[in-house]
Amino acid sequence: MDPGGASTEGAEKSPQSSPPPPPQPQPQPQPQQRKALSCTKCFDALWFCYSPFHQMQQYYRQGEFDTCFGKWDALFDCLSLKTKRSSEVQEILDAREKAKPHIWTYRTVEEASANWWRMYNRFHKPPSQSDT
């Protein structure tokens, strides 16, 4: 024990311990990294589409069963991309990414009003003529 009352038995380092290794540099991301093309997600989505759970959910929500045509299209599209050169695939995927609308679209008051009426008009009941 030292005069202050604190024990230093566990605080001493052994002379054989080596210094910690220097940190490894992290690879810098490339500005245009290639996206890995995998059709597994498309196949899984198609498989789930035919599940009883999904079909009953669609019947409950939409009043009809899901035909899964969109999932088939996505799978065939993915498989057809697999037959192309990687540079061609990258160009196609980049063009699709740019063509997607941004999640937040800004509209003028008139555009927002027209969009609202287009989406929710079926829920709005116009006032009856006898009320005026």
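How many nonpolar, polar and charged residues are in the lining of the largest pocket? Here are a few friendly notes on that pocket and on one helix pair; please keep in mind that the model is predicted.

1. To take the opening question first: by class, the lining of the largest pocket holds seven nonpolar residues, one polar residue and six charged residues.

2. The volume of the largest pocket comes to about 270 Å³. Its lining is made up of 14 residues. If you want a place to centre your view, Leu37, Ser38, Leu81, Leu93 and Arg96 are the ones that lie nearest the pocket's centre.

3. Three elements each give two or more residues to this lining: H1, H3 and helix H4 (86-99). Among the elements, H3 gives the most, with four residues.

4. H1 and H3 also deserve a look as a pair. Helix H1 covers residues 40-49 and helix H3 covers residues 69-81; their axes come within 9 Å and cross at roughly 160°. An angle over 145 degrees counts as roughly antiparallel, and H1 and H3 are therefore roughly antiparallel to each other. The crossing of H1 past H3 is left-handed.

5. Which residues make the contact between H1 and H3? On the H1 side they are Cys42, Phe43, Ala45, Leu46 and Cys49. On the H3 side they are Lys71, Trp72, Ala74, Leu75 and Cys78. Sorted by class, the residues of this contact are nine nonpolar and one charged, with no polar residue. The charged one is Lys71 of H3.

Conventions:
Residues numbered from 1 in each chain as written. Predicted model: local features only at pLDDT ≥ 70, side-chain atom pairs only at ≥ 80, totals over all residues. Heavy atoms only, no water. Axes fitted to C-alpha atoms, helices over the stretch in contact; angles between N-to-C directions. Parallel < 35°, antiparallel > 145°, perpendicular 65-115°, else oblique. Left-handed = near helix turned anticlockwise from the far one by under 90°. Contact = heavy atoms within 4.5 Å. 1 Å grid on protein atoms, 1.4 Å probe; cavity = no way out; pocket = protein on both sides within 12 Å on 5 of 7 lines; lining within 4 Å. Points joined across faces, edges and corners; volume = space filled by probe spheres on them.
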